[in-house]
Amino acid sequence: MTELQARVSGRIRLFYGIGSVAEGIKDTAFSVFLLFFYNQVLGLSGSLAGLAILIALLFDAVSDPLLGAWSDGLRSRWGRRHPFMLAAALPFGLGLWALFAPPAGLDEPALFAWLLGFSILVRLSLTAYSVPSNAMLPEMTPHYDERTELVALRFLFGWLAGLGIATFGYFALFAMQPGGGDGRLSAEAYARYGATSAVIATLGVLLCTWGTRRLIPELKQRMVERPLRMQTLQQDLRAVFANKAFRMLFAGALCSAAGWGYINATSFYINTYYWGLSSTQIGGLSLSLYLGLFIAFAITPVISRESDKRDAAVRLSLFALLFGPAPILAAMLGWMPPKGSSDLTIALFLHTGLLFVALISVSMLCASMIADITDQNELQTGQRHEGLLAAVMTFVIKATSGLGTLLAGVVLDLIAFPGAVVAPSPGGESPTVVVDASTADALGAVVALLMLGLFALSVWCLSRYPLRRDQHADILVELRRLSSERPVKR
């Protein structure tokens, strides 16, 4: 079997894919429900809630590359990656549960501290799991297209888990309660959501760690012990960011992630207050994401085989730029169906599904491109830095909720959007919670404008990514030639 042939077994693929369940569930919690829960239910300022999540993200800016470099050089009986993955399971689950179960009666400073502390715990423990887990990809196969297939499978499991827990929340936890209460404003509903998320996410971490243990001997054969020192880490980071392909991919993916996170963080607000949808209608919208996910899972590997990953990512990002804010802009012109209507729900269902196809495909392609940069980095520097490169891109993924939620929180305060909204009384005429029409319109306008800006930056950066398919093939040929003359330097 040659180096370029596919070689990852179906069993390993399955458990590697399951490994993204924890990431998907955490992303849904942070991107969709966390800001709404602390702002609308508990009454924490939108800016303070966004600030707490951003501060936790800043911890990742240090912990992610540190953990990546550490796992690159670790020597143990369980290899480099798996000890970290196993150790992360329990604190990750406990932190996720506690986020949605703060003690009753906390004032605003105490709420801020609770949100900040457990956000940091969740992010640090997820770092200990996801960075080593994602770092295995370039070591599993050097194949340009098989990498995209593995990434697509991982995204499929992650998004199925994230969408599944969201759909469960919309239909079972946050729907209208007996007597007419709105479940979206019930603290007890969020506590049940947090506990369910924690159990499923922890199980996903353990299954991936156990199911990929057969990779340990193979990965260990390439391991050379390299002590972790801050000076060495700084040198490695400079070497990584000296690579133009990595810089452009990092910047483009970061803008796209911030835009996506902004959409997620404001979607519950937009669907509830701007479009006037009920929790059941929002749950129906979430079903379009399943359709979009399976379409993206099917077409992205085909796109990778038929064209350069960069060209496909740019086209899809441009589509998101033009199509993403279209419903809000159409509503401003009076071209959308009445708010809260079934016709509006159908129109938003189609829009959400198509936009999701583009965004998830871009993310898959970017994750596959980082594995290709690993090979280029080895040729240029003599070092692969799988863990460090994976750590930086994992940080980008986390920025989806961190930067997006911060932007959403600041925007909510700038337009004086009310917090701790009271649901209609049982038996009232209004089917859902409402705010002043001018405030809802202002929310829609700033969501559309900021979405345009973030996706425009993403398109500009990705269009300057220089590594193409033919260049990657030449890199692999040269690496094989060099490996026959000297051992790989780690």
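H15 and H18 are oblique to each other, and I should like to begin this morning with that pair. The model before you is predicted. Helix H15 covers residues 342-381, helix H18 covers residues 469-483, and the two pack at an angle of about 45° with their axes 10 Å apart. Their crossing is left-handed. On the H15 side, the contact is made by Asp372, Asp375, Gln376, Glu378 and Leu379. H18 contributes His472, Ile475, Leu476, Glu478, Leu479 and Leu482. Sorted by class, the contact of H15 with H18 has five nonpolar, two polar and four charged residues.

Let me now turn to the chain as a whole. It contains 18 helices and zero strands. Of its 490 residues, 59% are buried. Among contacts between residues at least 6 apart in sequence, 87% join residues at least 24 apart.

The next element is helix H7, residues 144-173. H7 has 30 residues and reaches 43 Å from its first C-alpha to its last, which is close to the 44 Å expected at 1.5 Å a residue. Is this helix mostly covered or mostly uncovered? H7 is mostly covered, with 22 of its 30 residues buried.

One residue of H7 deserves separate mention, namely Phe171. Phe171 is partly exposed, because its relative accessible area is 38% and that class runs between 20% and 50%. Which residues does Phe171 touch, leaving aside those up to four places away in sequence? They are Thr280, Gly283 and Gly284. Gly284 is 113 residues from Phe171 along the chain, yet the C-alpha atoms of the two are separated by 8.7 Å.

I come now to helix H2, residues 21-41, which packs against H7 at an angle of about 45°, with the axes 7 Å apart. That angle makes H2 oblique to H7. The crossing of H2 and H7 is right-handed. From H2, the contact involves Val21, Glu23, Gly24, Ile25, Thr28, Val32 and Phe33. From H7, the participants include Arg154, Phe157, Gly158, Ala161 and Gly162, and also Leu163, Ile165, Ala166 and Tyr170. By class, the contact of H2 with H7 has ten nonpolar, four polar and two charged residues.

H2 also packs with helix H8, residues 187-211, at an angle of about 165° and with the axes 10 Å apart. Why are H2 and H8 described as roughly antiparallel? They are roughly antiparallel because the angle is about 165°, and angles over 145 degrees fall in that class. H2 passes H8 in a left-handed crossing. In H2, the residues that meet H8 include Val21, Ile25, Thr28 and Phe33, and these four also belong to the contact with H7. Tyr190, Tyr193, Ile200 and Val205 are among the H8 residues that meet H2. The contact of H2 with H8 divides into 14 nonpolar, three polar and no charged residues.

My final point concerns the backbone at Ala416. Most residues other than glycine have a negative phi. Phi of Ala416, however, is near 60°, a positive value in a residue other than glycine. Where does Ala416 lie? Its place is in the loop between helix H16 (386-414) and helix H17 (437-462). Ala416 is exposed, since its relative accessible area is 58% and the cut-off for that class is over 50%.

Note on methods
Residues are numbered from 1 along each chain as its sequence is written. This is a predicted model: local features need pLDDT of at least 70, side-chain atom pairs count only at pLDDT 80 or more; totals for chains, interfaces and linings use all residues. Side-chain values use heavy atoms; hydrogens and water are left out. The expected span of a helix is 1.5 Å times one less than its number of residues. Buried means under 20% relative accessible area, exposed over 50%, partly exposed in between (1.4 Å probe, protein chains only). Axes are lines fitted to C-alpha atoms, for helices over the stretch in contact, and angles run from 0 to 180 degrees between N-to-C directions. Angles under 35 degrees count as roughly parallel, over 145 as roughly antiparallel, 65 to 115 as roughly perpendicular and the rest as oblique. A crossing is left-handed if the near helix is turned anticlockwise from the far one by less than a right angle, and right-handed if clockwise. Contact means heavy atoms within 4.5 Å. Ala, Val, Leu, Ile, Met, Phe, Trp, Tyr, Cys and Pro count as nonpolar, Asp, Glu, Lys and Arg as charged, and the others, Gly among them, as polar.
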